[in-house]
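Me: I am new to this structure and would like to know what stands behind the terms used for it. Please keep the replies short.

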Amino acid sequence: MNAAAPSSSRTFPDGFRWGVATSSYQVEGAWDEDGKGPSIWDTYAHTPGNVKNDDNADVANDHYHRYVEDVALMKDLNANAYRFSVAWPRIFPEGGGKPNRPGLDFYDRLVDELLGAGIEPFATLYHWDLPQALQDRYGGWQRKETAQAFADYAGYVAEQLGDRVKHYFTINEFASFVEGGYQGLDVQVGGGRTVHLGAAPGLRLSDADLKQVRHHAVLGHGLAVQAIRARGPAGTKVGFAENIRVGVPVLDTPEHVKAAETATRDRNAGFMTVLLEGRYTEEYLASAGGRTPTFTDEELQVIASPLDFVGINVYKPGWYLEPSDEPPGYRDIPVNASHPKMGASWHVLDPEVMYWAPRHMRSIWGAESIFITENGSAASDAVADDGRVYDSDRVMFLRACLAQLQRATAEGVPVHGYFHWSAQDNFEWGDGYGTRFGLVHVDFDTLERTPKLSAEWFRAAARANRVV
Ligand code: NOJ
């Protein structure tokens, strides 16, 4: 008998979604067409000094006009799911009030094109492009009114697209837009200079005020879940897409795994923990002076509204941890200076996060349906003389991450799909166009699309529903 493992041993479960992801501001362009209102990212990127090279996404990938070609490229990748985001200011240019039909028509066309290509649409409702009008009126997520406006918009979209779009993610990466947009980070650079790294709307709130913004963001999610259930057709499914910060155990012992789980729960207290448990931890409530957030029990119940699935964006380890006899029962292990990194400056490489993140979701919070809503890597891609793009590092990253994800599914962790970030190179926020995450290369002068080597890898793996 042949002693080799059977060839099916690295197979994903039947019905596993092989998807790709993008977001409205990062790919659409057409920033002021068909009645769209400005978003906070339009304002922020139009302000010199905020984005590398002063890039903006006025045109971006011009996906708004080239979606037919882009859907064909996804089909060619054997993708069976596409996670895109709806630009709120296309639908409600003023944030609320009267909807702008031509804005919605774009998503109608896109969804029809996807379904015609056998690709299931998964819509994200907030990927950071808040209508500028709500920033002006309420200071954005600093006020509860924005959470309510978000729910009204979310319910409207589910009502309008719900006959064809069955899966919604409310909010993408709470921490990124709250911490980045409402506080930012001062970083030391050469020559004793300090640079402020931020995101739209570019505010610098105190830690205490930031806690209130977090609360309004999770409240917006909960209100949106309720609005989608109330106004979408029966069978509409909803969850969030959060960048869980993942504790990774350094040793494979039950004590180390427990330490990593405890730290993961504690340190996601402002978002994941309250979203799934409906309560803030004592430590979180006491932090930053203990004055904020102000909230009611009823709001906590709304925030933790039951979900159909959870989405997690998984790129890198949050912390390496070991158990400790001192409270809180765990201790951080420093990341070694020589630890390997991927193309983006923040991207510490550890493919095993793709195993630990969904495993923690199940073991800490009992998640029963999980999507990997993002995973990917930036690389210094260029079209070679022979016309191909040899992104060998991204292929390595993909193969290693998907092997770890398969390991999780083989152990029974209920992961139902994977969305690669990104379908194409696009506008990478404060990093502009230099940081490329796509399976498909985009020449931002000509807008020509060229599938990379990683696209070939994805195509083969998606077809076989397995890694080797
Ligand atoms: C997370 C964000 O959701 C997405 O917009 C961003 O481009 C990727 N990570 C890569 O940084």
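Me: What makes up the secondary structure of the protein, in helices and strands?

Reply: The protein has 16 helices and 15 strands. Both are DSSP runs numbered from the N terminus: helices are H or I with at least four residues, strands are E with at least two. This is a predicted model, where local features need pLDDT of at least 70, side-chain atom pairs count only at pLDDT 80 or more, and totals for chains, interfaces and linings use all residues. Residues are numbered from 1 along each chain as its sequence is written, and side-chain values use heavy atoms, with hydrogens and water left out.

Me: How do you know that the radius of gyration agrees with a compact globule?

Reply: The radius is taken over C-alpha atoms, and the globule rule is 2.2 Å times the number of residues to the power 0.38. For 468 residues a compact globule would come near 23 Å; the protein has 21 Å, so the two agree. Along the principal axes, the C-alpha atoms fill a box of roughly 70 × 60 × 60 Å.

Me: What makes a residue part of the ligand's surroundings, and how many residues surround the ligand?

Reply: One heavy atom of the residue must lie within 4 Å of the ligand. 13 residues surround the ligand, and Gln-26, Asn-172, Glu-374, Glu-428 and Trp-429 are the closest.

Me: Why is the pair of Gln-26 and the ligand called a polar contact?

Reply: A polar contact is a pair of N or O atoms within 3.5 Å; within protein, one must be able to donate a hydrogen and the other to accept it, and residues adjacent in sequence count only if both atoms are side-chain atoms. A polar side-chain atom of Gln-26 lies 2.7 Å from a ligand oxygen, so the pair qualifies. An N or O atom in the side chain of His-127 is 2.9 Å from a ligand oxygen. For Glu-374, the value is 2.7 Å.

Me: How much of the ligand is buried?

Reply: Taken alone, the ligand exposes 300 Å², and the protein buries 94% of that. These areas come from the Shrake-Rupley method with a 1.4 Å probe; for residues, only the protein chains shown count as cover.

Me: What is the omega of the cis bond from Thr-292 to Pro-293?

Reply: Omega is near -5°. Pro-293 lies in the loop between helix H12 (282-286) and helix H13 (297-303). Most peptide bonds are trans.
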